[in-house]
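Me: I would like to go through this model step by step, with the criteria behind each term stated as we go. Please look at the sequence and structure first.

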Amino acid sequence: MATDVVMPQMGESIAEGTIVRWIKKVGDAVERDEPLLEISTDKVDAEIPSPAGGIVSEIRAGEGDTVPVNSVIAVIVETSSRPEAASTPQKGGEPETAMTPASAPAPEPAQSQRAGPRVSRGEDSLEATIRGRSSPLVRRIAREHNVDIAQIAGTGLAGRVTRDDILGFISTAAAKPDAAAAPPAASPARSVSGAATGAGLAGQTVPMTVMRKRIAEHMVASRRTSAHVHTVFEVNFSRVAEIRAAKKAEYELAGASLTYLAFITRAVAAALRAVPVVNASVEGDNIVYHRSVNIGVAVALEWGLIVPVIRNADTKTLLGLSQAIADLANRARSKQLKPDEVSGGTFTITNPGALGALFGMPVINQPQVAILGVGNIGKRPVVIGDALSIRPMGHLSLGYDHRIIDGSVADEFMSNVKRTLESWDSSDV
Amino acid sequence: MRPLEVHRLGLVPYLEGLALQRAAVEDRRANRVGDRLFLVEHPHVLTVGVRRDGGRSHIRASAEALAARGVEVHDTGRGGDITYHGPGQIVGYPIIDLKPDRLDVHRYVRDLEEVLLKVAGDFDVAATRMAGLTGVWVGDEKLAAIGVRISRWITSHGFAINVTADLEYFNLIVPCGIADRGVTSFARLGCVASQGQVEDRIAARFAEVFDRRIVPPVSLTAARDTE
């Protein structure tokens, strides 16, 4: 498991740093939080600790180099799989803006995509811990019966799995072969980094990271500024699903992934042109109707949130939007977004549905006046005509600012989006 | 308000000061002590910052000349270029934790400038900042210099302000690598403040700018005795 070391941002207005000295060199072992390098900026020499323990496998910038904040300057390969217990106050990699919790673009359970690497780390450490708490005999029995000790509730000292525990487990498992075979799916919650969920921090007081502080301030300020109202619409995604299935292969060849989010973004872009007050801002007593439609798509990161913006989203084709969404999300996660890609948004889309929420009540991303939350899209029972059917359904919720958008206007906007999605013109692909 | 201990240590050889700072940073990091501000005076010394460009190349005098005048030269772990410390100059070392709400190194430097600007104002000296040139200036002469080290958000090194220092010693170097500006002091500006009076104002203004409340200094080694 490799960890990127980035040039940290040592202050709000600081855009770059100069490497003064590498304390550790390629091949050296370093512990988490051990000083790794020294950087300097304007009369300040700062010692930067390593974000992970392991061996320094690559150094990408040399002593004397000046590099932009957030660029990767080294890579550390972890030699031990340790649980991501404490949240280190992240000093680096904290770009602007914040949003309500959202997740990867694809509305399908995206946890499989991120759970991969982290699941194994969680399981390794858990197993190691449990193993340390059970005797060699118990472990041998477990091996012989192909049982994962981590699954068994230990009644011994400090939760140790005793001989009786494991034999009891095996006999009941024999009656239910499925249960024994299934490995414990590391809860998806574990795959969302411990840093965000506060895993392992009970009893501790931890200072907020710069990014967390900004998010906190932004959220509270937004609530104070806008007259938040929410409206929720249910959308039948059958037509979109059909088109998606038909065009999927074609899109993959073009290097894009045709997601529900791309369709939704396109529908929203058109609706913003049809109902311009939703693509506006409030300045004093004025309503500023924006010239362009720049849609931000919220991406959840291990260390926080970021909203990369697709400029002129209404001029892009469905393919163009798919590509832009995928590209921005990838670069967001690898900390390669440029400053002008996280600013200038006029509307935001967030995706609480990716982690299972039916719908969200998102907070408006100031200075915008509305935000769309995409709920979980999945097969649900729905009445069509007078018959009960099963269709891919999803809820779209709009958070809007009642200072300039009235309920009827919000609903007109949402009806527009719903209509576009439910009767998608298949030539518009 | 967080407490701040102010330790006025008088004349301290530079290397002792370095060792003191290193120990203080570790103590602060381990939370054995709170935030502290050390105010000291050093015997004549040239100190070199960490940046590769500059530093010793900005020493104008030969090693023999320096030795003859009793001037030591030392590397430090701080940012900034080369500077001179000597009697008549107050050197301040705030060893404070910038967490949780001051995680911005540029802001820290600006705050240090703010402290010194206010101190100058207290003595009716019209000091200013100069864009792009960290430090405190009167006209185009430098009254106070700043050079900082930050290690996991604990600060060390700090600032130096000329009260009655013999400014001739600055001719041994290109101060901070800035060749075309001079240096000045309270005395040169006609201000008769004593070292003690300036230290008083530094402590007060530091507490104000950094939002700390001054508490009586505990013995330097108290924290260690209890281990």
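Me: Over which residues of chain B does pLDDT stay under 50?

Reply: This is a predicted model, in which local features need pLDDT of at least 70 and side-chain atom pairs count only at pLDDT 80 or more, while totals for chains, interfaces and linings use all residues. Residues are numbered from 1 along each chain as its sequence is written, and chains are lettered from A and ligands numbered from 1 in the order in which they are written. With pLDDT being the predictor's confidence in each residue, from 0 to 100, and a contact meaning that two C-beta atoms, placed from the backbone, lie within 7 Å, the stretch in question has three contacts beyond four places in sequence and comprises residues 222-227 of chain B.

Me: In chain B, where is confidence highest?

Reply: Chain B averages a pLDDT of 88, and 92% of the residues score at least 70. Helices (H or I, at least four residues) and strands (E, at least two) are DSSP runs, numbered from the N terminus. Where pLDDT is low, the predicted coordinates should not be read in detail. Confidence in chain B is lowest in helix 5 (residues 222-225), at a mean of 39, and highest, at 97, in strand 6 (residues 89-95) of chain B.

Me: Which element gives the most to the side of chain B that touches chain A?

Reply: The predictor gives the complex an ipTM of 0.75 and a pTM of 0.48. The contact takes 23 residues from chain B and 23 residues from chain A. On the side of chain B that touches chain A, helix 3 (105-122) and strand 9 (141-151) of chain B each supply at least two residues, and the most, six residues, come from strand 9 of chain B.

Me: What is the bridge partner of A:Ala46 in strand 9 of chain B?

Reply: Two strands pair if DSSP finds at least two bridges between them. Strand 5 (residues 44-49) of chain A and strand 9 of chain B run parallel and are joined by four bridges. Within strand 9 of chain B, A:Ala46 has as its bridge partner B:Ile150.

Me: Which element supplies the largest share of the largest nonpolar core?

Reply: A nonpolar core is a set of buried Ala, Val, Leu, Ile, Met, Phe, Trp, Tyr and Cys residues joined through C-beta atoms within 7 Å, where buried means that 20 or more other C-beta atoms lie within 10 Å of a residue's own. Of the 144 residues in the largest such core, A:Val268, A:Ile295 and B:Leu116 touch the most other members. The largest share of this core, 10 residues, comes from helix 9 (residues 260-274) of chain A.

Key. Buried ≥ 20, exposed ≤ 12 C-beta atoms within 10 Å, placed from the backbone.
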